[in-house]
Amino acid sequence: MALGTTQARAQTPGTTAPPLAQRGLPSLGDAGMMTPLEERKLGDSIIRDLYRDPDYIDDPVVGEYVDGIWQALLKGARARGELPEELEERYAWEVLLGRDRSINAFALPGGYFGLHLGLVGVVSTRDELASVLAHEMSHITQRHIARMISQQSRQTPLMMAAMIVGMLAASKNPQAGTALAVGGQAAIIQAQLNYSRDMEREADRIGYGVLEQAGFAPRGFTGMFEKLQSASRLSDNGDWPYLRSHPLTTQRIADMQQRQRSQGLNPAAPVSADLQALLIGARSRVLGRPGVDVLRAWAAEPDGAGFAAQPLPKRAASLYAAALAHAQLRDLPRAQGLATQLALAVAGDMFAARQARLLQAELALQAGQAARVLTLLPASSQPPASPDGKGQAGRPELLLRAAALTQVGQANEAASSLQPWVSDRPRDASAWQALAAAYGAQEQVLRALRAEGEARVAQRELAGAVDRFRAAQDYSRKNPGGNADLIEASIIDARLRETQAALAQQRQDEAKR
């Protein structure tokens, strides 16, 4: 069962739907669809569970790379008029990464998106990954999920949320699927999981336009289709769930190829190697937890005969994977040696060189060499912020430097760099946690407790956030400080009230499931 299950609409045959008012369903307009706000609330209820999933990962390097593509696509959709103002304001527009090694991506109600590291690991260019994200984004901007959910009037939104979360879990454990659908329901659910062919074609068409508007090569669509088509010829072992939630047809492939030919482009033209994409892919494969035997095989690749004669792109990707694999196998000296070798190999490519430098800094931090991190990543080396000021550009450097500064006794500087970041991006849980560590190193207990609470809010862990804010409140009462602490205590009091109210509402909603 695929992860693209946002449109699950199972029902029990023969049941009669109660009136809308009794079911607590949204008031549906002439189009029979949920409002954007109602869809966002449904998405929020699903995301709370996904944040608790052990496969959820917040990797600054892969996250920044994906976010750069994502922000460009959002800008392209906005320029083409495909992003209505109401949806842009109401929806989350967040991409969550999962460690799962299967090739999959999926859209959720309310503008949330999931992306498996397995998919990032198989694409060869930014354009291919952008084509997947553009397609998924178009499912949201065209409100395909809302249409399909609203067609099924016999399930309350909260019941749908529980079903969707269960099916996401079942995609990792096919045997769990039977637990979700008993009494003959399995076939009905599976039949209703996939978008209609019309919706798939619409997402292809609009996604293609958004991709091109955002500055990506249209060849990305056909390149990704070729990968999917090749995989569809193989026996289905569960590695490509994207094929089941988004079935590939010859008509869809031909349509994308014809669009390119009409623009004077050759769909079969060879694509030049994208070094940065290959390095990100190598990182994604290793972070996907492939197992010790696979890690050892990747770690040994640079020692193989003929390795030096391989083309640079293949050699660089292998060096990156080998270095990170050695780190996971707890051989940091060898990992650092390979990372240095990688840095020398890709020095001529600005983007790949930065990825190599980030890897060197990451390994240095793991080895307890904080001073080396600061040498590799001086403050002046951080790339400029994203155009909207809210993206993730420079986030890997920020978090690595903050951790290193805290380790070398410069926690005040670390906190100073993190404060404006979390002010602009309050949903960045990792940055809040880094700020808590910096405050803790300075023995600023009140601020550290508040930052811990904010980190939990960012991950929708409201009960944990209430606990941290209460601890901060108690500490403030027992240890009154100066004016700065009084201001901080007032903020904490307000945040505690807000979080308690949100938690109470969340528990009421969960009780209705």
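1. Helix axes are here lines fitted to C-alpha atoms over the stretch in contact, with angles taken between N-to-C directions from 0 to 180 degrees. In this predicted model, the axes of helix α21 (residues 395-407) and helix α23 (residues 429-441) come within 10 Å of each other and cross at roughly 20°. Angles under 35 degrees count as roughly parallel, and α21 and α23 are therefore roughly parallel to each other. Their crossing is left-handed. On the α21 side the contact involves R395, L399 and T406, which meet S430, A431, A434, A437, A438 and A441 of α23.

2. As to the overall composition, the protein chain contains 26 helices and four strands. Of its 513 residues, 52% count as buried. Among contacts in the chain with a separation of 6 or more, 71% are between residues 24 or more positions apart.

3. The four strands form an open sheet in the order β1-β2-β4-β3, and the pairing is mixed. The edge positions are taken by β1 (56-57) and β3 (105-108); each has a single partner strand, so one side of each is left without a neighbour in the sheet. In general, strands of a sheet pair through backbone hydrogen bonds, in either a parallel or an antiparallel sense.

4. Both senses of pairing can be examined at β4. Strand β2 (residues 94-98) runs parallel to β4 (residues 112-116), and five bridges join the two. Within this pair, V95 stands opposite F113 of β4. The pairing of β3 with β4 is antiparallel and extends over four bridges. There the bridge partner of A107 is again F113 in β4. F113 is thus placed opposite V95 and bridged to A107.

5. The connection between β3 and β4 is a hairpin with three residues between the strands, and G110 in this hairpin takes a positive phi near 85°. Although β3 stands at an edge of the sheet, both of its faces are covered: A105 and A107 on one side, and F106 and L108 on the other, are all buried.

6. The sheet also has a helix packed against two of its strands. Helix α3 (residues 60-79) lies across β2 and β4, and runs at about 145° to β2.

7. Helix α11 (residues 197-213) may be checked for its length. It has 17 residues and reaches 24 Å from its first C-alpha to its last, close to the 24 Å expected at 1.5 Å a residue. The buried residues in α11 are M199, E200, E202, A203, D204, I206, G207, Y208, G209, V210 and L211. This list includes the acidic residues E200, E202 and D204. Just after the helix, G215 takes a positive phi of about 95°.

8. The same check applies to helix α24 (residues 445-458). Its 14 residues should span 20 Å at 1.5 Å a residue, and the end C-alpha atoms are 20 Å apart, which agrees. The helix is mostly covered, with 10 of its 14 residues buried. These are L446, R447, A448, L449, R450, A451, G453, E454, A455 and A458. The charged residues R447, R450 and E454 are among them. Just after α24, R460 takes a positive phi of about 60°.

9. Two loop residues deserve a remark on backbone geometry. Most residues other than glycine have a negative phi. R143 nevertheless has a positive phi, near 60°, and its place is in the loop between α6 (126-141) and α7 (144-151). R289 likewise has a positive phi, near 55°, and lies in the loop between α15 (275-287) and α16 (292-300).

10. Are R143 and R289 buried or partly exposed? The cut-off for buried is under 20% relative accessible area, and partly exposed lies between that value and 50%. R143 has a relative accessible area of 12% and is therefore buried. R289, at 47% relative accessibility, counts as partly exposed.

11. A final point concerns D424, which lies in helix α22 (residues 411-424). At 39% relative accessibility, D424 counts as partly exposed. Its C-alpha atom is separated by 9.5 Å from that of G391, a residue 33 positions away along the chain.

Key: Residues are numbered from 1 along each chain as its sequence is written. This is a predicted model: local features need pLDDT of at least 70, side-chain atom pairs count only at pLDDT 80 or more; totals for chains, interfaces and linings use all residues. Side-chain values use heavy atoms; hydrogens and water are left out. The expected span of a helix is 1.5 Å times one less than its number of residues. Buried means under 20% relative accessible area, exposed over 50%, partly exposed in between (1.4 Å probe, protein chains only). Two strands pair if DSSP finds at least two bridges between them. Contact means heavy atoms within 4.5 Å. Angles under 35 degrees count as roughly parallel, over 145 as roughly antiparallel, 65 to 115 as roughly perpendicular and the rest as oblique. A crossing is left-handed if the near helix is turned anticlockwise from the far one by less than a right angle, and right-handed if clockwise.
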